[in-house]
Amino acid sequence: MAFAPYDRPVRAAFIGLGRIYDLNVRAYLNNPDVEVVALVDPREERRTQRQADFPRAAAFASAGELAASGIGVDAVEALLPIPLHIDGVLELLGYGWHVNLQKPMCNDLLDAQRMLDAAKAAGLVLRVMENYLFYEPLRRLKSVFESGDLGTVVGYHMKMVGSGSGGWDVPWSSFEWQIEQMKRGRGILVFDDGWHKLSTALWLFGPVSEVRAWIGTTSFGHGIDLDAPTMIAWQHANGVRGVWDITLAPDLYLRSDYYTNDERWEVTGSKGFARVNRCTGRGVQQPSLEVYVDGEMRGYHALDDDWASSFRDSGRHWLRWLRTGEGPLMWSGEEAVDVLRFVLAAYASSGSGGIGVNPSKVI
Ligand SMILES: NC(=O)c1ccc[n+]([C@@H]2O[C@H](COP(=O)([O-])OP(=O)(O)OC[C@H]3O[C@@H](n4cnc5c(N)ncnc54)[C@H](O)[C@@H]3O)[C@@H](O)[C@H]2O)c1
C-alpha cells in the first residue's frame, strides 16, 4: 500500500514518558506539523509531569485505553524499555498507528521480521529513529569527506569512554530493564549505545561485509555487567575499514547535560583527517569538528553540537516525512535490520574467538 501523506497536522501520541522523553519531546514542541493528542505511561507521576508540556492532550495508563477512547491517532512516538519493543510495536501497529520506535529495534532477527511483517500487513510505516544521523558535527563530517577534501578515505575510527560520574540522573527503574537486557547478552554499551555507533558506520560508508570483535565484561555486582573493554573492527563492502573501541573509566568525572559518554569519531583520508571531538558529553572542549588538510587545522566553532538537537531534528524529520512522504526515513525498518545484523555479527565473532563474520549470514 502506498503511503498517503497527511494534509493536516499529524495526530500523535507518546507511548512511554520516561527519561528519553525529555529529548524526544523537542521535536513536538512548537511544531506545526503535529498535534500531540495523547500521553501514555502506566506511571501516574510521569503522566502528570509530562502533561505540563501538552495540557490539552489526554493521558492514559496504557495504549489499549487510548485505543478504546476513540481519540484519533495517526502516529506514535514509542519510547518503551527495550524488552517491551517487540510486543509494544505489534500492539501499536495493531491499533492502526504508524510507529516511530526508539532504538535498538529489538533483540533478534526473528522479532525484527515479525515487526516488518506486521507493518507491511497493516500498510503502516515503522521507523526506527537514529538521532546520531542528525547530529550536526557528524553531518558536517560526512559532507567534508564526501567533498573530496580529505582525498580517498582510508579508515574510520570511533572511540568511547564510559564514565560513571557526572551527567543527568537516570532513575533506577531505567537500569532495571537494562540489567534484564544484560542477562540476555544485549549489553548497554555494545548493543544499546553501539546501535548508534554502528549506525554511523553504515550511514557513512555503506554495507559491511565482515566484522571481527572482542567483547569483554566488567562486573560491578548486583547483575550489573558492563560489556567493556571491547574492540569491534569491520570492513565495508567498499573496502573502508572501521574500528570502535570502548573502555570504562568509572571514576572519571565528565561534564555532561545527559549521559556521561566521552566519544570521538575520526575519518582518515589520504591527505587529511576530520574528527568529531564529542557528542553526548562535554569531553574535549575544542571545536566539535576539526579538519586537518595540507598542514592546516580548521575548527568548526559554530555548529549546533548540543546532543539534544539531534533528537529534535530526527523527530522533526519524521513528522515532516509524514506530511510529505519524501526522502529517506533514517532509518526505515529494513535499514534498522542492517544495524541489528551488524551488532549480531559482532556477538557471533566475539563468541568464536574473533573470527570474521559476514552480517548478511547471521541468523
Ligand atoms: N536515542 C538515544 O540516544 C537513547 C537514549 C536513551 C534511551 N533510548 C531508548 O529509549 C527507550 C526508553 O528509554 P528510557 O531511558 O526513556 O527508559 P525509561 O525507563 O526511563 O522510560 C520508559 C518509560 O516507559 C514506561 N512504560 C513501561 N511500560 C509501558 C507500557 N506498556 N506503555 C507505555 N509506557 C510504558 C515506563 O513507565 C517509563 O516511564 C529505550 O528503547 C532506550 O533504548 C535511546
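User: Which residue stands opposite Ala-78 in strand 5?

Analyst: This is a predicted model, in which local features need pLDDT of at least 70 and side-chain atom pairs count only at pLDDT 80 or more, while totals for chains, interfaces and linings use all residues. Residues are numbered from 1 along each chain as its sequence is written, and side-chain values use heavy atoms, with hydrogens and water left out. Strand 4 (residues 75-78) and strand 5 (residues 98-101) run parallel and are joined by 4 bridges; strands (E, at least two residues) and helices (H or I, at least four) are DSSP runs numbered from the N terminus, and two strands pair if DSSP finds at least two bridges between them. In strand 5, the residue that stands opposite Ala-78 is Leu-101.

User: Why is one side of strand 3 and of strand 6 left without a neighbour in the sheet?

Analyst: The open sheet that holds them has 6 strands in the order 3-2-1-4-5-6, with parallel pairing. Strand 3 (58-60) and strand 6 (126-128) stand at its edges, and one side of each is left without a neighbour because each has a single partner strand.

User: By what angle are neighbouring strands of this sheet turned against each other on average?

Analyst: Angles here run from 0 to 180 degrees between N-to-C directions, with axes being lines fitted to C-alpha atoms, for helices over the stretch in contact. For neighbouring strands of this sheet, with direction ignored, the average turn is 25°.

User: At about what angle does helix 9 run to strand 5?

Analyst: Helix 9 lies across strand 1 (10-15), strand 2 (34-40), strand 4, strand 5 and strand 6, where contact means heavy atoms within 4.5 Å. With respect to strand 5, helix 9 runs at about 165°.

User: What separates the C-alpha atoms of Pro-328 and His-317?

Analyst: Pro-328 has its place in the loop between helix 9 and helix 10. Once neighbours within four places in sequence are left aside, Pro-328 is in contact with His-317 and Trp-321. Pro-328 and His-317 are 11 residues apart along the chain, and the separation of their C-alpha atoms is 9.4 Å.

User: How much of the ligand's exposed area does the protein bury?

Analyst: The ligand has 27 residues around it, of which Ile-20, Asp-41, Asn-131, Ser-174 and Trp-177 come nearest, a residue being near if one of its heavy atoms lies within 4 Å. Polar contacts, here pairs of N or O atoms within 3.5 Å, link ligand oxygen atoms to the side chain of Asp-41 at 2.6 Å, to the backbone of Lys-103 at 3.1 Å and to the side chain of Ser-174 at 2.8 Å. Taken alone the ligand exposes 850 Å² (Shrake-Rupley method, 1.4 Å probe), and the share of this that the protein buries is 87%.

User: How many nonpolar residues does the shell around the ligand have?

Analyst: Helix 7 (172-183), helix 8 and helix 9 (307-324) each supply at least two residues of this shell. Sorted by class, the shell has 7 polar and 5 charged residues, and its number of nonpolar residues is 15.

User: What is the average twist from one strand to the next in the sheet of 8 strands?

Analyst: This open sheet has the order 8-11-12-7-13-14-15-16, with mixed pairing. Strand 8 (208-215) and strand 16 (296-300) stand at the edges, and each has a single partner strand, so one side of each lacks a neighbour in the sheet. From one strand to the next, the twist averages 15°.

User: About what angle does the direction of helix 8 make with that of strand 7?

Analyst: Helix 8 (residues 188-205) packs on the sheet and touches strand 7 (153-165), strand 8, strand 11 (230-236), strand 12 (241-253) and strand 13 (261-269). Between the directions of helix 8 and strand 7 the angle is about 155°.

User: Which residue in strand 12 is the bridge partner of Met-160?

Analyst: Strand 7 and strand 12 pair in the parallel sense over 9 bridges, and along this pairing Gly-162 stands opposite Leu-248. The bridge partner of Met-160 is Ile-246.

User: Which residue takes a positive phi near 95° in the hairpin of strand 11 and strand 12?

Analyst: Strand 11 and strand 12 run antiparallel and are joined by 6 bridges, with Ala-233 standing opposite Val-243 in strand 12. The hairpin has 4 residues between the strands, and the residue with this positive phi is Gly-239.

Technical notes: Polar contact = N/O pair within 3.5 Å; in protein donor to acceptor, adjacent residues only side chain to side chain. Nonpolar A, V, L, I, M, F, W, Y, C, P; charged D, E, K, R; others polar.
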